[in-house]
Amino acid sequence: MQSQTPPELSLLTYLPVPSFFSSQLLLLLISCINLLVVMDKVRDLASKKAAVIFTKSSCYMCYSIKTLFYELGASPAIHELDHDPNGRDMERALRGLGCDPSVPAVFIGGRFVGSAKDVISLHVDGSLKQMLKDAKAIWF
Amino acid sequence: MERRTSVYGAKDENKAANGIPGFDPPLPITNILCSKGTTIHPFPASDLDTFDQSVGLCLEDAVNLSANIAFDSANVSRQEVPSDRNLISNSDKTQISFNIYPSTDQAQSPRLQLENSQQTNLVSIPSGTTENWGESNMADSSPKTDISTDADTDERSQRFDRGKSSALVAVSDSSDRSKGNLDQKTLRRLAQNREAARKSRLRKKAYVQQLESSRLKLTQLEQELQRARQQGIFISSSGDPSHSMSGNGAMAFDVEYARWLEEQNRKINELRTAVNSHASDAELRIIVDGVMAHYDEIFRLKSNASKADVFHLLSGMWKTPAERCFLWLGGFRSSELLKLLVSQLEPLTEQQLVGIGNLQQSSQQAEDALSQGMEALQQSLAETLSTGSLGSSGSSGNVANYMGQMAMAMGKLGTLEGFIRQADNLRQQTLQQMHRILTTRQSARALLAIHDYFSRLRALSSLWLARPRE
C-alpha cells in the first residue's frame, strides 16, 4: 500500500465508515478506487496529444523509443513516471493495461499501442507511421 | 608373423664344414649387414678373423634393425626380443636363437633390403638347421666376445651373440651375389639407412619423453583445476555437467547455435535443390516457411541465452571473427542485409521496390534508435561508476556511496537484456516483413543469398585463422 494517499482520496477518510468494515477491506476498496482514478488520469493524459509516451528517466529503452519518435518527426508528450507523485500508481495502471515492461508505454491517438516490442514491430511493417499519420502526429 | 629362426653371419667354408649344411655365404649381404649400425668396421674380405668380428657386428646390427623394424612395422611383442637376447647371452644355453620378425615374406628375398626400412626382410634360415648350430659355434667364437666397449645393453647381448655365433647368413636366393661388391652407391645407401634408423630411434625416444612430460603436466593441471573449482572460480570444462551453472549459459548456447547452423545448412541445401530444380510454388512455399520457422528458432534460443548470459551474446564470441566484425547488439544489422539483397532480388515490382525501400528505412531508424539508447546507457553507466571516487564524507560514507553506486550500476546493466531482446525482435520482424513483401520464389532466392553471404563470412574467418604467420 502506498505511503501517501493521493489527494483525491484523502476526502474519503472523512466519510463515516461502518465499524464492521475491517481495515483491510477498506484499504482494498481504497486501492481499487485509486486504480480506477489513476487509470482515468492516464487515459486523460494520453488523449491530450496525438502521441504520448510514459517513461522513466532511468529507462534507456524509453530513450530509444523517444529517439525513434523524434526521428519520425512526431513530437510526443513525455510523462516521466519517476518525477510524478502518482508515478507508482500510474505504473500499476499501465501494467494493468497489459504493458510489460510498464515503460515505455506508448499511446497514439488516445489508444494504447504497447511497449517497446510492439512499437518496433509496428514500425517495421509500416503500421506505426500510418497510425501517426492518422492521429495527425505526423503529416508525411 | 614370427618365426623362430637363427641368424647366421656369413661364414666361410671352413666353418661351414663344422657341421652346418652348406650355406654359401653371400658376402655382399654380410657387407650390407656389417656396414649398418652404430659402429662401422671396414671389411677386408681376406681377413677371416676380422670377418668374424664384423659379421658378429653385423649380427648385432641385424638385431638392432630387426628390433627397429619390429617396432615400426607391427605391434610385435617387444618382450620377446630382449628375452631372446637374454637367452642368447646366457652362455650355457646351447641353442642360440632369437626372433626376427620380417614384416613380409620371410627368407625369400635375395638380399637384405635395408633401403626400405618398413619392408626389410631379415636374413633367416629354415629353423630345422638351428638346433645344433650353437654349440659348435660357441667354441669357435668365444674369444670374440668383447670387441667394443659400448655400454648399450642391446649391443652387449648382441656382442655376446656375436661371440657365440659363428655368423652364417643364409639366404634362399644367393645367385646374384658376387663377393666383395661394395660399390659406392651401396655404401652410400647403407650409410643413409643407418642414419635414418638412428634418427628414427632418437625421434621415438624424444616422442615418448614428450608424451610422458605432457601426461605429467596434464595431471598437474587437473589438480589445479580441481583446487580452483573448490574455491568457487568458474572454469568452463567440456566434460563436467555437475559443475556450477554460471558459464553454462554461454556454452549451452554455443552448442545450440552449432546445432542450429547444421540444421540451417541442411534446410538451405534443400531449398537450393528445390529452386534449381524449378519446383512448384507450393513446394517452395513449404520449404521457405520451414526456413523462416527455423530463423524464429534461433531468435528464441537467443532470447533464452540473453536471460542466462547477456554478455556472451553481446561479445559475439559465439560467432566467427569476420562475422564479429559486423556485430551490432549481438547480431547482424538488418538494414545492411537488405542493402545486400536488393541488388540480387531483381526484378521487383514497383510496389515491392517501395516496400523494400520502406523496410530498409524503418529498420535503419529502429537500429539508430536502439544504438542511441545503448549509448545513453553506456554513458550513464560510466558516470555512475566514476562519480564519488573523491568523496570527502569519510570512510563509512564512501562505503555507502560505493554500495549505492554499485546498486545503481547493477540496475543499469540489467537493462542490457532488454536491448538485446529488442535488437533480435527487430531482426526477426525485418525478416518476416521481407518475406511478406516478396513472392515465394523471391523469398527463396533471398534466403539463399542471405545464407550464402554468412557462409562466406564464416569461410573468410576460417581462412583468416589459418593464414600463415611469420
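Helices here are DSSP runs of H or I with at least four residues, numbered from the N terminus. The exercises below concern a predicted model.

**Exercise 1. Describe the place of A:Ser64 and state whether A:Ser64 is buried or exposed.**

Solution. Begin with the secondary structure: A:Ser64 belongs to helix H3 of chain A, which covers residues 60-72. Next, take the accessibility, for which the cut-off for buried is under 20% relative accessible area. A:Ser64 has a relative accessible area of 1%, and therefore counts as buried. Then turn to the surroundings, leaving out residues up to four places away in sequence: A:Ser64 touches B:Ala369, B:Leu370, B:Gly373 and B:Phe419. With one of these, B:Gly373, there is a further detail to note, since the side chain of A:Ser64 reaches the backbone nitrogen of B:Gly373 at 3.4 Å. Finally, within chain A, the C-alpha atoms of A:Ser64 and A:Ala116 lie 8.7 Å apart in space, while the two residues are 52 apart in sequence.

**Exercise 2. Work out which elements line the largest pocket, and which residues lie nearest its centre.**

Solution. The volume comes first: the largest pocket has about 610 Å³. Its lining consists of 28 residues, and those nearest the centre are A:Pro101, B:Glu417, B:Gly418, B:Arg421 and B:Gln422. The second step is to assign the lining to elements, and here both chains take part: at least two residues each are supplied by H3, helix H4 (87-96) and helix H5 (116-124) of chain A, and by helix H9 (281-308) and helix H15 (416-437) of chain B. Of these, H15(B) provides the largest share, with 8 residues. The last step is to sort the lining by class, which gives 9 nonpolar, 9 polar and 10 charged residues.

**Exercise 3. Find how many cavities of 30 Å³ or more the structure holds, and describe the lining of the largest cavity and of the second largest cavity.**

Solution. As background, rolling a probe the size of a water molecule over the atoms shows where empty space is left. A search of the whole structure yields 7 cavities of 30 Å³ or more. The largest cavity holds about 240 Å³ of space, and of the 18 residues that line this cavity, B:Tyr257, B:Trp260, B:Tyr295, B:Lys319 and B:Phe332 lie nearest the centre. Two or more lining residues come from each of helix H8 (248-276), H9 and helix H16 (440-465) of chain B. By class, this lining is made up of 10 nonpolar, 4 polar and 4 charged residues.

Continue with the second largest cavity, which holds about 50 Å³. Among the residues of its lining are B:Phe332, B:Ser334, B:Arg427 and B:Met434. Helix H12 (334-344) and H15 of chain B are the elements that give two or more residues to the lining of the second largest cavity. Sorted by class, the lining of the second largest cavity has 7 nonpolar, 2 polar and 1 charged.

**Exercise 4. Identify the residues with the most contacts inside the largest nonpolar core, and follow the contacts of A:Phe54.**

Solution. Start from a general point: in soluble globular proteins, nonpolar side chains tend to be buried together. In this model the largest nonpolar core has 95 residues, and those with the most contacts inside the core are A:Phe54, A:Phe69, A:Ile108, A:Leu132, B:Leu271 and B:Met434. H9(B) gives the most to this core, namely 10 residues. Then look at A:Phe54 itself: apart from neighbours within four places in sequence, its contacts include A:Val42, A:Leu45, A:Met90, A:Val103 and A:Pro104.

**Exercise 5. Locate the cis peptide bonds that lead to A:Pro101 and A:Pro104, and the places of A:Lys136 and B:His278, for which phi is positive.**

Solution. Take the prolines first. The peptide bond from A:Asp100 to A:Pro101 is cis, with omega near 0°, and the bond that joins A:Val103 and A:Pro104 is also cis, with omega about 0°. A:Pro101 lies in the loop between H4 and strand S3 (105-108) of chain A, and A:Pro104 is likewise found in the loop between H4 and S3.

Next come the positive phi values in residues other than glycine. Phi of A:Lys136 is near 60°, and A:Lys136 sits in the segment after helix H6 (127-134) of chain A. B:His278 has a phi of about 55° and lies in the loop between H8 and H9 of chain B. The cut-off for exposed is over 50% relative accessible area. A:Lys136, at 55%, is therefore exposed, and B:His278, at 67%, is exposed too.

Note on methods: Residues are numbered from 1 along each chain as its sequence is written. Chains are lettered from A and ligands numbered from 1 in the order in which they are written. This is a predicted model: local features need pLDDT of at least 70, side-chain atom pairs count only at pLDDT 80 or more; totals for chains, interfaces and linings use all residues. Side-chain values use heavy atoms; hydrogens and water are left out. Buried means under 20% relative accessible area, exposed over 50%, partly exposed in between (1.4 Å probe, protein chains only). Contact means heavy atoms within 4.5 Å. A polar contact is a pair of N or O atoms within 3.5 Å; within protein, one must be able to donate a hydrogen and the other to accept it, and residues adjacent in sequence count only if both atoms are side-chain atoms. On a 1 Å grid over the protein atoms alone, a cavity is a set of points where a 1.4 Å probe fits but cannot get out, and a pocket is an open set with protein on both sides within 12 Å along at least five of seven lines; lining residues have an atom within 4 Å of a point. Grid points are joined across faces, edges and corners, and a volume is the space filled by probe spheres set on the points. Ala, Val, Leu, Ile, Met, Phe, Trp, Tyr, Cys and Pro count as nonpolar, Asp, Glu, Lys and Arg as charged, and the others, Gly among them, as polar. A nonpolar core is a set of buried Ala, Val, Leu, Ile, Met, Phe, Trp, Tyr and Cys residues joined through side-chain atoms within 4.5 Å.
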